[in-house]
Amino acid sequence: MLHEDKRRFMRMMVNAKARLTILESGLTFDGKCHDLSATGLSIEVTEPVEANTMMEIHIDSTSAAIPPLNAHANVVRCSQEQDGQYVLGLEITQFN
């Protein structure tokens, strides 16, 4: 049986360092962005983050031709992986 991906936008594998800031508290920490699309991204972090937490996301670009990503995003899911890390599913709400 084939699994059909029903996302409206293709996901691009990124594997880049991300800087996350929780907007309500100002707490800043690092993560690793695994993939990115026009409307969302997934980031691996060491601590869990509650759903519906608004965050500012910053990902530097490795190319002078591509600007860094600065966006506000809402945590839609947080799941723990077997290695103890957490993967956040984020929906982009605003590009800065």
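**Figure 1. The surroundings of Thr-53.** Once its neighbours within four places in sequence are set aside, Thr-53 is in contact (heavy atoms within 4.5 Å) with Ile-22, Ala-73, Asn-74 and Val-75. The model shown here is predicted: local features need pLDDT of at least 70, side-chain atom pairs count only at pLDDT 80 or more, and totals for chains, interfaces and linings use all residues. Residues are numbered from 1 along each chain as its sequence is written, and side-chain values use heavy atoms, with hydrogens and water left out. Thr-53 sits in the loop between strand S3 (40–45) and strand S4 (54–59); strands (E, at least two residues) and helices (H or I, at least four) are DSSP runs, numbered from the N terminus. Thr-53 counts as buried because its relative accessible area is 15%; buried means under 20%, exposed over 50%, and partly exposed in between, with a 1.4 Å probe and protein chains only. Look also for the side chain of Thr-53, where a polar atom lies 2.7 Å from the backbone oxygen of Glu-50.

**Figure 2. Asn-52 in the loop between S3 and S4.** Here is a backbone angle to check: phi of Asn-52 is near 70°, a positive value in a residue other than glycine. With a relative accessibility of 64%, Asn-52 counts as exposed, whereas Thr-53 is buried.

**Figure 3. Glu-91 and its contacts.** Glu-91 belongs to strand S6 (residues 86–95) and is partly exposed, at a relative accessible area of 42%. Apart from neighbours within four places in sequence, Glu-91 is in contact with Thr-39, Gly-40, His-72, Ala-73, Asn-74 and Val-76. For one of these partners, His-72, the C-alpha atom is 8.6 Å from that of Glu-91, and the two residues are 19 apart along the chain.

**Figure 4. Gly-40 in strand S3.** Gly-40 is buried, with a relative accessible area of 2%. From C-alpha to C-alpha, Gly-40 and Val-76 are 9.8 Å apart in space, with 36 residues of separation in sequence. Both Gly-40 and Val-76 appear among the contacts of Glu-91.

**Figure 5. The largest pocket.** This pocket has a volume of about 280 Å³. Of its 14 lining residues, the closest to the centre are Val-14, Leu-36, Asp-60, Ser-61 and Ile-66. Strand S1 (residues 12–22) gives the largest share of the lining, 4 residues. For your own calculations, a pocket is an open set of points on a 1 Å grid over the protein atoms alone, where a 1.4 Å probe fits, with protein on both sides within 12 Å along at least five of seven lines; lining residues have an atom within 4 Å of a point. Points are joined across faces, edges and corners, and the volume is the space filled by probe spheres set on them.

**Figure 6. Two cysteines, Cys-33 and Cys-78.** Cys-33 counts as buried at 0% relative accessibility, while Cys-78 counts as partly exposed at 30%. How many disulfides are found in the whole structure? The search finds 0, where a disulfide is a pair of cysteine sulfur atoms within 2.5 Å.

**Figure 7. The chain as a whole.** Stepping back from the close-ups, the chain has 0 helices and 6 strands, in the order β-β-β-β-β-β from the N terminus. Of its 96 residues, 36% count as buried. Among contacts between residues at least 6 apart in sequence, 45% join residues at least 24 apart. The accessible surface comes to about 6,700 Å², and 52% of this belongs to carbon and sulfur atoms; areas come from the Shrake-Rupley method with a 1.4 Å probe, and for residues only the protein chains shown count as cover.

Methods
Polar contact = N/O pair within 3.5 Å; in protein donor to acceptor, adjacent residues only side chain to side chain.
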